[in-house]
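Student: I would like a close look at one part of this protein, namely how its helices pack and what surrounds that packing. Could you take me through it in one connected account?

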Amino acid sequence: MSRTPEARVPETVYARVREEVAARADRLWEVSLALHREPETAYEEHGASRLLADELEREGFRVERGVAGLPTAFVGRSGGEGPAEGGRPCVALLMEYDALPLLGHACGHNLIAAAGLGAALAARAALGEAGTGTGIGTGETLLAVGTPAEERGGGKVAEVAAGLFEGVDAALMFHPGVYDWARAPLTASAQIRVGFHGRAAHPTGSPTEGIDALGALIQLFNALGVLHKRLPSGSHVQGIVTDGGRATNIVPEYAEGLFGLRGGTTAALEALVEELRTCARGVALATGTTVEVTDVGGRYEHFRDNDVLSGLFAGHLERAGIRLSEPVAGVYLGSSDIGNVSTRVPAIHPFVAIMGADGSDHTPEFAEAAAGPRARRVMLAAAEALACTAVDVLLRADVPERAWNGFREKAAAGL
């Protein structure tokens, strides 16, 4: 089936996608439950990665494991040998599968993985493999990308740095949640460690000899409390004390805090990090301490939604009776390493509810919901919609062009 500039895909192709997802429904749910039963945290997802990669390989994807220097990352490829061959389109369907410590799949990554897997298998089957003359040609490429460590560390950050998304025209995934939202209001984020060095002394016997590193850290918290009052929407700082000294009869010579910073945009985050550095240097100067400010892990950039791709996904999902709306203004749902992908290629990250809006992810209740009947319906509906959106990108010449135009417009506006 050749690409066409007309703004439509034959309904028979969408119908074939739905048939392929339906035929795999029980197996996809088995995969989801298997991940749910054996939750693995960031960078330890060996079983999950193996299970998903094996499923792709079994159905004809050419799978490369351990990509981007990450043992639990992988890429399954169908169609062209690489992205953007001869200007032909490339779609990446993303899978997350890490779990939360103690809470298991309380963010529903088991559903993200199963939906991405189902979408990749259904799209490939509906379009046919290279050489058949009926579907994905030697230029068009369908990727199924395993992205570990979203909850901590950021597997996608490493994959972006390794060039894995170069030549990709659309990066597609969904996320279970408590809202039905067409796009993800996700902030940029960074983890910053601040360590103050003072001088130990006995607080009674030689009080003037000590330089209180913990006192300096406390003053930093106070300064950030004042700063917080004037931060723009979407920006905030949350800190914890990770080292406050060893004994009450010793002036602490070292104290350390870990600070989570978020910004509504990546530029806002960078400005906030500089504000933190300025506060820390000022406190050090005022208290006679020295200070070290260092990043912990990679930074997550803000999410740039692609309106063209999101609109297509929402339209396909509505066939399953799920209608997506715009997010509530001023409400943010955290941060994710999908942001680093979305600021480089057109991407989507819609939220689809598996429990009511009075609930919350990262809770035991959400983990339970991620293995429930509503979760199964949502996972299968999302798999269909993702596959149909992938088909749109691969078969409609106008879609990647419009998606990239929209991407560039938002980039130019700093959004």
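Tutor: A definition comes first: the axis of a helix is here a line fitted to C-alpha atoms over the stretch in contact, and the angle between two axes runs from 0 to 180 degrees between their N-to-C directions. With that in hand, and bearing in mind that this is a predicted model, we can start from helix 2 and helix 3, whose axes come within 10 Å and cross at roughly 165 degrees. Because angles over 145 degrees count as roughly antiparallel, helix 2 is roughly antiparallel to helix 3. The crossing itself is right-handed. On the helix 2 side the contact is made by Arg 27, Val 31, Ala 34 and Leu 35, which meet Ala 48, Leu 51, Leu 52 and Glu 55 of helix 3. Sorted by class, the residues of this contact are six nonpolar and two charged, with no polar ones.

Helix 2, which spans residues 25-37, also packs on helix 4, residues 109-127, and here the axes come within 8 Å and cross at roughly 150 degrees. That angle, too, makes helix 2 roughly antiparallel to helix 4, and this crossing is right-handed. From helix 2, the residues Leu 28, Trp 29, Val 31, Ser 32, Leu 35 and His 36 take part, and they meet Asn 110, Leu 111, Ala 113, Ala 114, Leu 117 and Gly 118 of helix 4. In the contact of helix 2 with helix 4, eight residues are nonpolar and four are polar, while none is charged. Val 31 and Leu 35 are thus named in the contact with helix 3 and again in the contact with helix 4.

Between helix 2 and helix 3 (46-58) runs a loop, and Glu 44 lies in it. Glu 44 counts as partly exposed, because its relative accessibility is 44%. Its C-alpha atom is separated by 7.9 Å from that of Asp 98, although the two positions lie 54 residues apart in chain numbering.

From here we can turn to Met 95, whose contacts, leaving aside neighbours within four places in sequence, include Leu 52, Leu 56, Ala 113 and Leu 117. Of these, Leu 52 was named above as a residue of helix 3 that meets helix 2, and Ala 113 and Leu 117 were named as residues of helix 4 that do so. Other contacts of Met 95 are Phe 74, Ile 112, Gly 116, Ala 144, Val 145, Gly 146 and Thr 147. Met 95 belongs to the largest nonpolar core, a set of 73 residues in which Met 95, Leu 56 and Leu 172 touch the most other members. The largest share of this core, 16 residues, is contributed by helix 11 (residues 373-395). A second core, separate from that one, has 27 residues, including Val 160, Leu 164, Phe 165 and Phe 407. In soluble globular proteins, nonpolar side chains tend to be buried together.

Val 160 leads on to a polar residue, Asn 340, which is in contact with Val 157, Val 160, Arg 299, Tyr 300 and Glu 301 when neighbours within four places in sequence are left aside. Asn 340 sits in helix 9 (residues 338-342), and it is buried, because its relative accessible area is 5%.

Definitions and conventions: Residues numbered from 1 in each chain as written. Predicted model: local features only at pLDDT ≥ 70, side-chain atom pairs only at ≥ 80, totals over all residues. Heavy atoms only, no water. Core = buried A, V, L, I, M, F, W, Y, C linked by side-chain atoms within 4.5 Å. Buried < 20%, exposed > 50% of the residue type's maximum accessible area, 1.4 Å probe, protein only. Helix = DSSP H or I, 4+ residues; strand = E, 2+ residues; numbered from the N terminus. Contact = heavy atoms within 4.5 Å. Parallel < 35°, antiparallel > 145°, perpendicular 65-115°, else oblique. Left-handed = near helix turned anticlockwise from the far one by under 90°. Nonpolar A, V, L, I, M, F, W, Y, C, P; charged D, E, K, R; others polar.
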